[in-house]
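Here is a colleague's note to read alongside the model. The points below can be checked one by one in the viewer.

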Amino acid sequence: MNETFARELLVDTCVRLYDRNLTVSTGGNISLRLNDNEILITPSGKNKGFLFPENIVKMSMDGKIIGDGIPSMENKFHLALYNKNNEVNAVIHCHPIYCTTLAVKGKRIINSTPEGVFLLGNIPMIDYFVPGSDELVDAVMSHSSSKAMIMKRHGALTQGKNMEEAYNRMEELEFQAHLQILAGRVKKFSKFDVEKLMKM
């Protein structure tokens, strides 16, 4: 992927997440696979709504910083997901209010609509570990094939084959969390219904 385009795409996605209230202040981190050997990731301690392409940090797949900048402290689970999943080219972690509300309460998100099943599949909740820790990386990697997951007392994570897919999954994840809070008790789709939907 052209690096100039990739930096602009990453910044545009950050602004969209910020404008949609899917992330606030300096919270969250977003990355994009640049090629087989490098990724781009948001910098540490910067407001996602006010980034410029030159703020984005380039890293090698083995965790070395290329050029200037300090990457997000969460870069380790981004790199781990890319190294594990060849088809994943974008990872989004942020703190949407409804997802995070359920994460703080320790409640899993249940897909309430067919769209949720299509876009998200099963949504695991991983236990709380200190942000940036190896323990958090291990917890994320225990569900590395999941399209979306919730981090207890922390936030949400999605991944996709491109930035649009990862973004759509985050938006849908927050919608499902919001719907669950509004609707109260939500029944899961039956295994039969899920299988039927996934065949469509």
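1. Which residues does Thr42 touch, not counting residues up to four places away in sequence? The model is a predicted one, and in it Thr42 touches Cys14, Gly28, Asn29, Ile30, Lys48, Leu51, Ile56, Pro71 and Ser72. Thr42 is found in the loop between β2 (38-41) and β3 (57-60), and with a relative accessibility of 0% this loop residue counts as buried.

2. One of the residues that Thr42 touches is Asn29, which is found in strand β1 (residues 29-33) and is likewise counted as buried, at 3% relative accessibility. When its neighbours within four places in sequence are left aside, the contacts of Asn29 are Thr42, Lys48, Ser72, Glu74, Phe77, His78, Val91, Ile92 and His93. To give a sense of scale, the C-alpha atoms of Asn29 and Met198 are 30 Å apart in space, while the two residues are 169 residues apart in sequence.

3. Met59, whose place is in strand β3, is buried with a relative accessible area of 1%. Leaving aside neighbours within four places in sequence, Met59 is in contact with Asn37, Glu38, Ile39, Ile41, Lys64, Ile66, Pro71, Asn75 and Leu79; Pro71 is also among the residues that Thr42 touches. Gly69 lies 10 residues from Met59 in sequence, and the C-alpha atoms of the two are 10.0 Å apart.

4. On which side of helix α3 are its buried residues, and what covers them? The buried residues of α3 (residues 97-105) are Cys99, Thr100, Leu102 and Ala103, and they lie on the same side of the helix because they cover an arc of only 160° around its axis. The cover over these residues includes β6 (125-126), β7 (148-151), β8 (155-160) and α6 (163-183). Exposed residues, namely Ile97 and Lys105, are carried by the face of α3 that is turned away from the buried side. After α3 comes Gly106, which has a positive phi, near 75°.

5. Since Cys99 belongs to that buried set, a colleague may ask why Cys94 and Cys99 do not form a disulfide. A disulfide is a covalent bond between the sulfur atoms of two cysteines. The closest cysteine sulfur to that of Cys94 is in Cys99, and the distance of 7.7 Å is too far for a bond, given that the cut-off is 2.5 Å. Seen from the other partner, the sulfur of Cys99 has that of Cys94 as its closest cysteine sulfur, again at 7.7 Å and too far for a bond. Both residues are out of reach of the surface by the accessibility criterion, for Cys94 is buried with a relative accessible area of 0%, and Cys99 also counts as buried at 0%. The count of disulfides comes to 0.

6. Helix α6, which is part of the cover of α3, also packs with helix α1 (residues 3-19), at an angle of about 10° and with the axes 11 Å apart. The angle makes α1 roughly parallel to α6, because angles under 35 degrees count as such. From α1 the contact draws on Leu9, Leu10, Thr13, Arg16 and Leu17, and from α6 on Met163, Tyr167 and Met170. By type, the residues of this contact are 6 nonpolar, 1 polar and 1 charged.

7. The backbone of the loop between α1 and β1 deserves a look, as Asn21 is found there and has a positive phi of about 60° although it is not a glycine. Most residues other than glycine have a negative phi. The place of Ser25 is in the loop between α1 and β1 as well, and its phi is also positive, near 50°. Asn21 is exposed, with a relative accessible area of 54%, whereas Ser25 is partly exposed, at 40%.

8. Finally, is Asn111 buried or exposed? Asn111 counts as buried, at 10% relative accessibility, and its place is in the loop between α3 and α4 (114-120). Leaving aside neighbours within four places in sequence, Asn111 is in contact with Gly116, Val117, Leu120, Gly121, Ile123, Gln176 and Phe189. Asn111 and Leu32 are 79 residues apart in sequence, and their C-alpha atoms are 27 Å apart.

Technical notes:
Residues numbered from 1 in each chain as written. Predicted model: local features only at pLDDT ≥ 70, side-chain atom pairs only at ≥ 80, totals over all residues. Heavy atoms only, no water. Buried < 20%, exposed > 50% of the residue type's maximum accessible area, 1.4 Å probe, protein only. Helix = DSSP H or I, 4+ residues; strand = E, 2+ residues; numbered from the N terminus. Arc of directions from axis to C-beta. Contact = heavy atoms within 4.5 Å. Axes fitted to C-alpha atoms, helices over the stretch in contact; angles between N-to-C directions. Parallel < 35°, antiparallel > 145°, perpendicular 65-115°, else oblique. Nonpolar A, V, L, I, M, F, W, Y, C, P; charged D, E, K, R; others polar.
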